[in-house]
Amino acid sequence: MEKQEKNAIEILNLLCGNNGCTIADSGGKDSSVLKHIATKAHEMYGLPFSIRHNHTTVDAPETVYFVRNEKKKYEGMGIVYEISFPKETMWQLIVRHCTPPTRLIRYCCADLKENTGFGEKLVTGVRKAESRNRKDNQGIVTFTKPKKRLKKEIEGNEDFRETDKGGVIVYNLDNDENRRIVESCYRTHKTLINPLLDWDDDFLWWYIEHENITLNPLYGCGQCRVGCVGCPMAGNKRWDEFEHYPKYKMAYIRAFDRMLIERTRRGLENKIGWETGLKVFKWWMEDKNIDGQLSFDMDGKIYEEYTEEWLK
Ligand code: SF4
């Protein structure tokens with residue numbers, strides 16, 4: 001048995017051996033390894049554990065089917081596997097919050113991903129190595145704006161840290177360099193256990209192959225992101241996602257349409273350019289092209305972007 005594997009099993013047994021724990025399954029590769037490790041701890045020490053997946057309503061279809069199969073597989077082994085559905089969908093949240101989710105205003109994580117597990121011992125697949133990858137991909141965003149310009153967003157929000165030079169860092173707390181193997185969150189009363197914290201990418205991939213662990217098929221498509229479709233933290237990767245999942249693009253645009261109606265109802269002023277759901281989508285995608293931009297499709301047909309034609 002490899003040292004990393006043995007350590008992870010020992011951590012689980014030591015910290016959760018008596019009362020058990022819940023494994024958080026995002027549908028990603030780290031979660032798949034974690035479930036495998038927990039199963040081994042169960043076989044070796046009788047570790048009691050269950051698994052939970054938070055359905056976000058913006059998961060890729062591949063992830064939805066993969067999770068359903070995982071549920072069947074683990075339930076077949078006698079392990080409780082819960083798929084938790086949120087009270088409101090992403091589309092309803094957009095209307096209620098009257099703004100699209102952005103890097104600065106990520107209300108959706110709290111409602112769609114962190115709405116379970118209060119008071120529990122929750123085991124996650126957080127790894128420091130993944131943190132570095134996300135940093136390169138702007139998963140952690142540093143803003144040079146002085147603090148006072150972001151004062152409203154920063155106050156009471158633990159996703160923000162000030163830099164020495166008076167700037168602001170927004171952390172993607174899923175995977176953060178500062179994380180520890182055991183963490184307690186006083187806000188949610190969750191104890192988070194991260195047994196894969198020090199696993200690097202090379203070892204993780206080697207282990208997946210060595211142990212023949214079944215992964216989300218999205219990894220086979222050369223797509224390394226298994227998060228919510230259209231997540232504002234994904235930056236430019238969203239263009240590929242919406243190309244691949246055009247129905248999600250339509251669903252966001254329609255939600256932005258309903259959001260504008262709600263903003264009018266509440267008497268809220270709109271940002272410049274927020275005339276229609278389509279134009280909000282343009283703003284949200286940080287598309288700098290001017291209105292009226294003409295494009296060619298594959299057949300050479302010319303159409304104007306951000307019109308009904310553009311949606312087809
Ligand atoms: S991962 Fe992204 S889209 Fe999904 S809930 Fe969190 S911020 Fe929202």
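Two residues are in contact if their C-beta atoms, placed from the backbone, lie within 7 Å. Keep that in mind as you click around this predicted model.

**Stop one: the end of the chain**

Select W310, which sits in helix α12 (residues 308–311). Setting aside neighbours within four places in sequence, W310 is in contact with Y303, E304 and E305. Now add L294 to your selection: L294 and W310 are 16 residues apart in sequence, and their C-alpha atoms are 9.8 Å apart in space. Is W310 buried or exposed? W310 counts as partly exposed because 14 other C-beta atoms lie within 10 Å of its own, while a buried residue needs 20 or more.

**Stop two: the whole protein**

Zoom out and switch to a cartoon view. You'll be looking at twelve helices and eleven strands. Of the 312 residues in the protein, 30% are buried. If you take the contacts between residues at least 6 apart in sequence, 68% of them join residues at least 24 apart.

**Stop three: the cores**

In soluble globular proteins, nonpolar side chains tend to be buried together. Here, the largest nonpolar core has 27 residues, and L12, I23, L34, I37, A38 and V123 have the most contacts inside it. To see where this core comes from, colour the elements that give it two or more residues: α1 (3–16), β1 (21–24), α2 (29–45), β2 (49–54), β4 (121–123) and β9 (190–193). Then pick L34 and show its surroundings. Beyond four places in sequence, L34 is in contact with I23, V123, G125 and L196. Apart from the largest core lies another one, of 21 residues, with L93, L112, A255 and M259 among them.

**Stop four: a β-α-β unit**

Next, select β2, helix α3 (residues 61–76) and β3, which together make a right-handed β-α-β unit. The strands β2 and β3 (residues 81–84) run parallel and are joined by four bridges. For a closer look, select I51 and find Y81 in β3 standing opposite.

Stay here for T57, which is placed in the loop between β2 and α3. Most residues other than glycine have a negative phi. T57, though not a glycine, has a positive phi of about 75 degrees. T57 counts as partly exposed, because 19 C-beta neighbours lie inside 10 Å.

**Stop five: the ligand**

Which residues surround the ligand? Select T56, V58, P101, R106, C108, C109, L112, K113, G227, C228, C231 and M233, and you have them. By class, this shell has eight nonpolar, two polar and two charged residues. You have met L112 before, as one of the residues of the 21-residue core.

**Stop six: two more loops**

Go to the loop between α8 (201–210) and α9 (237–244), where you'll find N212. N212 is not a glycine either, yet it has a positive phi of about 55 degrees. N212 is exposed because just 7 other C-beta atoms lie within 10 Å.

Finish at Y245, in the loop between α9 and α10 (246–265). Y245 is partly exposed, because 17 other C-beta atoms lie within 10 Å. Leaving out residues up to four places away in sequence, Y245 touches A60 and V229. Add G230 as your last pick: Y245 and G230 are 15 residues apart along the chain, and 9.6 Å separates their C-alpha atoms.

Technical notes: Residues are numbered from 1 along each chain as its sequence is written. This is a predicted model: local features need pLDDT of at least 70, side-chain atom pairs count only at pLDDT 80 or more; totals for chains, interfaces and linings use all residues. A nonpolar core is a set of buried Ala, Val, Leu, Ile, Met, Phe, Trp, Tyr and Cys residues joined through C-beta atoms within 7 Å. A residue is buried if 20 or more other C-beta atoms lie within 10 Å of its own, exposed if 12 or fewer, and partly exposed in between; C-beta atoms are placed from the backbone. A residue is near a molecule or strand if its C-beta atom, placed from the backbone, lies within 6 Å of it. Ala, Val, Leu, Ile, Met, Phe, Trp, Tyr, Cys and Pro count as nonpolar, Asp, Glu, Lys and Arg as charged, and the others, Gly among them, as polar. Two strands pair if DSSP finds at least two bridges between them. A crossover is right-handed if, with the strands pointing away from the viewer, the path from the first strand over the helix to the second runs clockwise.
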